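Here's a quick briefing to read alongside the structure. Have the viewer open and follow along.

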Amino acid sequence: MPRISQLYFKTAVIFLIVGVAMGLNMAISQDHSVIGAHAHCNLLGWVTMAIFGGYHALNPQKAEKRLAMIQYYLYTAGIALMVPSLYLMLQGNPAMEPLVALASIITFVGVLLFAFIIFSNGKVVVTPSAPSYR
């Protein structure tokens, strides 16, 4: 498995742990005001990063490109900045809004880079064969 896939899966699990902890905290406290941060942590951190890791595992040639690692670090920085700043903003700290906006832009650029990686030309290493029905 490519190194970047391992990084994505490990990072995704960290976001899953944080997201579940936030969910437990909301359930215990009966205060669901930070549900947006919880959702972003789970969907952008856990789910999306796991999908990115799976894509790179299936496309090892693209995973070896420098752009893939740049995209990983950029996207990860965006999410790592977004989740706590959004959490604090939703808890009533409006001063966090510019930081949430910046983190959202960084994350979006990371998504655009991933789209570029997907649509870029790359040699297919393994081509599955069609099943024979004879």
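Right after α4 comes G92, with a positive phi near 110 degrees. Keep in mind that this is a predicted model. The rest of the briefing looks at α4, its partner α1 and the core they help to build.

**α4 itself**
- α4 runs over residues 66–90, which makes 25 residues.
- From first C-alpha to last, α4 reaches 36 Å, close to the 36 Å expected at 1.5 Å a residue.
- Its buried residues are A68, M69, Q71, Y72, Y75, T76, G78, I79, M82, V83, S85 and L86.
- Those buried residues pack against α1, α2, α3 and α5.

**α1 itself**
- α1 covers residues 3–29, and its end C-alpha atoms sit 39 Å apart, which agrees with the 39 Å that 27 residues should span at 1.5 Å each.
- The buried residues here are I4, S5, Y8, T11, A12, F15, G19, M22, G23 and M26.
- As for spacing, an α-helix has 3.6 residues a turn, so residues three or four places apart point the same way.
- The cover over the buried part of α1 includes α2, α3 (60–63) and α4.
- Q30 follows α1 and also has a positive phi, near 60 degrees in this case.

**How α1 and α4 meet**
- The two helices pack at an angle of about 10 degrees, and their axes are 11 Å apart.
- Angles under 35 degrees count as roughly parallel, so α1 and α4 are roughly parallel to each other.
- On the α1 side, the contact uses R3, I4, L7, Y8, T11, F15, M22 and N25.
- On the α4 side, the partners are A68, M69, Q71, Y72, Y73, T76, I79, A80, V83 and Y87.
- Sorted by type, the residues of this contact are 13 nonpolar, four polar and one charged.

**The largest nonpolar core**
- This core has 22 residues, and those with the most contacts inside it are I4, Y8, F15, M49 and V83.
- Two or more core residues come from each of α1, α2 (35–58), α4 and α5 (97–119).
- Which helix gives the most to the core? That would be α4, with seven residues.
- For background, nonpolar side chains tend to be buried together in soluble globular proteins.

**A closer look at F15**
- What does F15 touch, leaving out residues up to four places away in sequence? The list is C41, N42, G45, W46, M49, I79, A80 and V83.
- M49 and V83, both on that list, are also among the residues with the most contacts inside the core.

Methods:
Residues are numbered from 1 along each chain as its sequence is written. This is a predicted model: local features need pLDDT of at least 70, side-chain atom pairs count only at pLDDT 80 or more; totals for chains, interfaces and linings use all residues. Side-chain values use heavy atoms; hydrogens and water are left out. A nonpolar core is a set of buried Ala, Val, Leu, Ile, Met, Phe, Trp, Tyr and Cys residues joined through side-chain atoms within 4.5 Å. Buried means under 20% relative accessible area, exposed over 50%, partly exposed in between (1.4 Å probe, protein chains only). Helices (H or I, at least four residues) and strands (E, at least two) are DSSP runs, numbered from the N terminus. Contact means heavy atoms within 4.5 Å. The expected span of a helix is 1.5 Å times one less than its number of residues. Axes are lines fitted to C-alpha atoms, for helices over the stretch in contact, and angles run from 0 to 180 degrees between N-to-C directions. Angles under 35 degrees count as roughly parallel, over 145 as roughly antiparallel, 65 to 115 as roughly perpendicular and the rest as oblique. Ala, Val, Leu, Ile, Met, Phe, Trp, Tyr, Cys and Pro count as nonpolar, Asp, Glu, Lys and Arg as charged, and the others, Gly among them, as polar.
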